[in-house]
Amino acid sequence: MTLRPILIHPDPRLKKVCAPVAEITEEMRVLGQDMLDTMYDAPGVGLAAPQIGVLKRIIVMDCNKPPEAEPRPLVMFNPEIVWQSAEIVASEEGCLSLPEQYAPVERSATVRLRWTDPEGAPQEETFEGLWSVCAQHELDHLDGKLFIDHLGFMKRQMITRRLAKLMRERARA
Ligand code: NI
C-alpha cells in the first residue's frame, strides 16, 4: 500500500487542466490503486489525480458507507459527463485539499458518466445522491476547479484565509 501526499490549496497544481490518459498501463493501474489507498486512509469518498500532483484525468471514488453498503472502489480513467439532470441539489461539500472547510454547493442531482476502467474497458453508469455530487466534484478537479470556485468571491476568500491559518497552526503544532 502506497500513500501519496495530498496537495493543499492554494497549490498551483490544483489549478491546472489535466491531460487525458493515453493508455491504461500497469503504471496507471498502480497509480489508481495508490489513489484509492490514499483516499481511504485520509479518509475521504473521492480523490482526483491532481490532488497528489499527477496532472492526468484519473479519479477514484467510493461513496458507500459500511456497514449499510459494501465498499465499491471505483477507478475512472478519462471520465466525462455524458448527461446531467436539470434538477439541482445543494449539499455541503468538503475536499481533502481544503481540510476542515465545508460549504453548500449546487450540482445536478443526477449525472451519467462514461469512463475507462483499469482493465481498459469502456464503462457508462448513472449516479445519484452522494455519488453524483462526488463525481461532479472530482471531475471539476481535472479542470483545475475546486468546490470553492462555485462560491462567491467573499466566501472563497474567507475559506482560503481560514485554511491558511489552520495550516500555520498545524505546522506549529
Ligand atoms: Ni476535492
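The paragraphs below lead through a predicted model, from its nickel site to a helix, some paired strands and a pocket. In this model local features need pLDDT of at least 70 and side-chain atom pairs count only at pLDDT 80 or more, whereas totals for chains, interfaces and linings use all residues. Residues are numbered from 1 along each chain as its sequence is written, and side-chain values use heavy atoms, with hydrogens and water left out.

A good place to begin is the nickel ion, whose protein donors are Cys-95 through SG, His-137 through NE2 and His-141 through NE2, lying 2.1 to 2.3 Å from the ion. Donors here are N, O and S atoms within 2.8 Å of the metal (3.2 Å for Na, K and Ca), and because water is not among the atoms, sites may look incomplete. Along the sequence, the donor residues follow the spacing C-x41-H-x3-H. Cys-95 belongs to strand E4 (residues 88-95) and His-141 to helix H2 (residues 129-142), so that this pair, 46 residues apart, links distant parts of the chain. Helices (H or I, at least four residues) and strands (E, at least two) are DSSP runs, numbered from the N terminus. Both Cys-95 and His-141 are buried, where buried means under 20% relative accessible area, exposed over 50%, and partly exposed in between (1.4 Å probe, protein chains only).

The helix H2 deserves a closer look. Because 12 of its 14 residues are buried, H2 is largely enclosed by the rest of the structure; among these buried residues are Trp-131, His-137 and His-141. An α-helix has 3.6 residues a turn, so residues three or four places apart point the same way. After H2 comes Gly-144, with a positive phi near 75 degrees.

Turning to the strands, E3 (residues 74-84) and E6 (residues 110-116) pair in the antiparallel sense over five bridges, and Ile-81 has Leu-113 in E6 as its bridge partner. Two strands pair if DSSP finds at least two bridges between them. E6 also runs antiparallel to E7 (residues 122-128), to which seven bridges join it. In the hairpin of E6 and E7, five residues lie between the strands, and Gly-120 takes a positive phi near 90 degrees.

Finally, which residues of the lining lie nearest the centre of the largest pocket? They are Val-45, Glu-93, Gly-94, Cys-95 and His-137, out of 23 lining residues. H2 gives the largest share of this lining, six residues.

Methods: On a 1 Å grid over the protein atoms alone, a cavity is a set of points where a 1.4 Å probe fits but cannot get out, and a pocket is an open set with protein on both sides within 12 Å along at least five of seven lines; lining residues have an atom within 4 Å of a point.
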